[in-house]
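Here is a friendly walk through a protein model, written for someone who spends more time at the bench than at the graphics screen. Please keep the structure open beside the text as you read.

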Amino acid sequence: MSAALQPGAIADASPAQTRRTVWSAVLLLAAVLFAGGMIRTVFSPLQEAAKLDLRLSDFAISLVQGLATGAPVALVSIPLAWVIDHGRRVRLLVCLFAVCVIGTVWTGFATGLVSLFLARMLSALGAGCALPVIISLVADLCAPDRRGRAMVVLGLGTYAGAAAAFVLAGLLLTALAQHPIAAMAPWRATHLLLGVAGTLLLFPLFFLREPPRHEVEQQTTALGPTLRALWAKRAFLLPLFAGQIGVSMADTAAGIWATPVLIRSYHLQPAAFAGWVGAILFVAGVLGSVLGGFGADLGQKTGRRGGLLFGAVVATALGIPTALFPVMPSIAGFQLMFFFLLLAGTITSMVASTTVAVLIPNEERGACMAAFTVISAIIGASLAPTIVTLGSAALGGERHLPTSLAATGLVTGVISLAGYAVAMRNTPKSATEWR
């Protein structure tokens with residue numbers, strides 16, 4: 001991390017400077033996102049095997065999948081935002097991805113809850129914090145009129161990585177059960193192989209050059225005035241955050257507990273559902289991003305107050321009943337409802353991100369997103385999985401996991417809808433109203 005803070009990392013450049021898009025670097029960074037998404041997600045289809053091997057409870061798994069992945073991201077988000085704005089981003093990215101790889105390999109050798117918790121913490125920290133670093137790098141590697149296309153490439157890398165995690169886990173579980181590596185359990189060997197593959201991807205990152213920063217208007221590092229400016233917008237931002245956190249909780253809980261529900265309630269094994277779950281993750285992510293982007297643009301063109309968020313309100317309302325996916329009587333019903341739940345969540349996330357990009361001034365945008373990341377990591381990622389297990393315990397035990405998961409999705413969906421509706425009502429017609 002200290003290497004990333006060396007002086008001279010910020011190189012100013014004129015906004016009018018003509019520059020070409022370095023697509024080779026963009027593709028490399030997309031590959032890093034692909035690997036990070038796969039490493040961060042691969043434990044989900046393997047968690048039931050790890051639970052049995054390590055003799056853990058659902059509550060223990062919820063801590064590994066929740067607190068271990070959300071807490072470290074929340075702790076470093078704000079200082080990380082400062083490093084991204086003022087430090088050497090390429091060196092920071094190398095450090096983060098190395099931490100991710102170390103955590104992945106360590107997961108394969110975990111001996112109990114504590115070591116598994118710490119290993120997953122490292123994996124989530126590296127993979128989760130790499131995204132804002134990469135977005136910042138790509139913005140300076142691309143000409144302004146090519147940034148939208150570059151973001152699409154990054155998005156494809158992220159969604160493809162999460163989808164590939166399920167597909168690869170299903171294939172490797174079957175292959176490694178027949179051809180084990182050094183008598184390791186298949187879920188352990190899968191993490192070991194992913195760690196080795198991630199190590200190979202580290203090498204080209206050492207040859208990536210730090211790009212000069214462009215469109216730099218001021219170099220102020222004061223955080224206080226920015227936070228005060230954001231607090232002045234609390235009537236809009238707080239309900240917006242509540243809406244997105246509700247969506248984050250529902251999607252996080254669904255992604256984590258879908259595998260145990262499929263194994264316990266529908267009596268399927270990962271090899272049987274990994275392919276179509278991966279396809280659902282990928283299609284819902286890509287299609288949701290496209291629909292969310294177009295929806296935000298159409299809403300903005302109406303010129304009505306809150307038009308930007310209209311798509312988020314509609315998607316959230318339609319997505320509430322899809323939280324019933326874990327209690328569907330057939331696997332076809334599970335598939336359909338699960339797909340539309342993730343689709344609605346992606347649409348609302350895209351609309352919310354576009355709203356922040358349009359309405360929040362540039363000098364406040366980074367702090368705004370960092371604040372949201374902290375809140376989302378603490379409440380959404382950290383608490384959502386555990387809330388489901390506490391609910392099932394209150395209902396009578398782990399066999400009630402599907403009912404608790406459905407109830408959690410319904411409640412968070414209603415909270416999200418209320419938040420977006422209030423934010424829509426309090427939305428300014430344009431960013432100039434803030435002044």
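The report below goes from the overall fold to the cores, the aromatic residues, the cavities and a few single residues.

## The fold as a whole

Please bear in mind that this is a predicted model. The protein chain has 14 helices and 0 strands, so the pattern read along the sequence is simply α-α-α-α-α-α-α-α-α-α-α-α-α-α. Of its 435 residues, 53% count as buried. Among the contacts in the protein chain with a separation of 6 or more, 84% come from residues 24 or more positions apart.

## Two nonpolar cores

In soluble globular proteins, nonpolar side chains tend to be buried together. With that in mind, have a look at the largest nonpolar core, which has 72 residues. Within this core, L240, F325, F334 and F338 touch the most other members. Helix α9, residues 234-264, gives the most to the core, with 15 residues. Another core lies apart from this one, with 37 residues, including A25, L92, I134 and L154.

## F334 and its aromatic company

F334 is a good residue to click on. Is F334 buried or exposed? F334 has a relative accessible area of 0%, and the cut-off for buried is under 20%, so F334 counts as buried. Leaving out residues up to four places away in sequence, F334 touches A258, V261, L262, Y266, W276, F325, P326 and M328.

One of these neighbours, Y266, also belongs to an aromatic pair with F334. A search of the whole structure finds 7 aromatic pairs. The pair of Y266 and F334 is edge-to-face, with 5.4 Å centre to centre and 70 degrees between the planes. This pair links distant parts of the chain, 68 residues apart: Y266 sits in the loop between α9 and α10 (270-301), while F334 is in helix α12. Y266 has 16% relative accessibility and therefore counts as buried as well. The two rings are part of one aromatic cluster formed by Y266, F273, W276, F325, F334 and F338.

## Empty space inside

Rolling a probe the size of a water molecule over the atoms shows where empty space is left. How many cavities of 30 Å³ or more does the structure hold? The structure holds 2 of them. The table sets them side by side.

| Cavity | Volume | Nonpolar lining residues | Polar lining residues | Charged lining residues |
|---|---|---|---|---|
| Largest | about 120 Å³ | 6 | 9 | 1 |
| Second largest | about 30 Å³ | 6 | 1 | none |

The largest cavity is lined by 16 residues, and the closest to its centre are V247, A250, T316, G319 and L341. Helices α9, α11 (310-319), α12 (331-359) and α14 (401-425) are the elements that give two or more residues to this lining.

Around the second largest cavity you will find A250, A254, A323, F325, L341, L405 and G409. For this lining, the elements that give two or more residues are α9 and α14. A250 and L341 appear in the lining of the second largest cavity, and A250 and L341 are also listed among the residues closest to the centre of the largest cavity. F325, another residue of the second lining, is a member of the aromatic cluster described above.

## A buried arginine

Now move to helix α7, residues 186-205, where R188 is found. Because its relative accessible area is 15%, and buried means under 20%, R188 counts as buried. Which residues is R188 in contact with, leaving aside neighbours within four places in sequence? The partners of R188 are D53, L54, T107, G108, F109 and A110.

## Two loop residues with positive phi

Most residues other than glycine have a negative phi, and most peptide bonds are trans. Two residues here are worth a look for their positive values. R55 has a phi near 55 degrees, a positive value in a residue other than glycine. R55 is placed in the loop between α2 (43-54) and α3 (58-86), and at 78% relative accessibility R55 counts as exposed.

A183, which is not a glycine either, has a positive phi of about 60 degrees. A183 is found in the loop between α6 (147-178) and α7. With 74% relative accessibility, A183 also counts as exposed.

Terms used: Residues numbered from 1 in each chain as written. Predicted model: local features only at pLDDT ≥ 70, side-chain atom pairs only at ≥ 80, totals over all residues. Heavy atoms only, no water. Core = buried A, V, L, I, M, F, W, Y, C linked by side-chain atoms within 4.5 Å. Buried < 20%, exposed > 50% of the residue type's maximum accessible area, 1.4 Å probe, protein only. Helix = DSSP H or I, 4+ residues; strand = E, 2+ residues; numbered from the N terminus. Contact = heavy atoms within 4.5 Å. 1 Å grid on protein atoms, 1.4 Å probe; cavity = no way out; pocket = protein on both sides within 12 Å on 5 of 7 lines; lining within 4 Å. Points joined across faces, edges and corners; volume = space filled by probe spheres on them. Nonpolar A, V, L, I, M, F, W, Y, C, P; charged D, E, K, R; others polar. Phe/Tyr/Trp six-rings, centres within 6.5 Å; stacked < 30°, edge-to-face > 60°.
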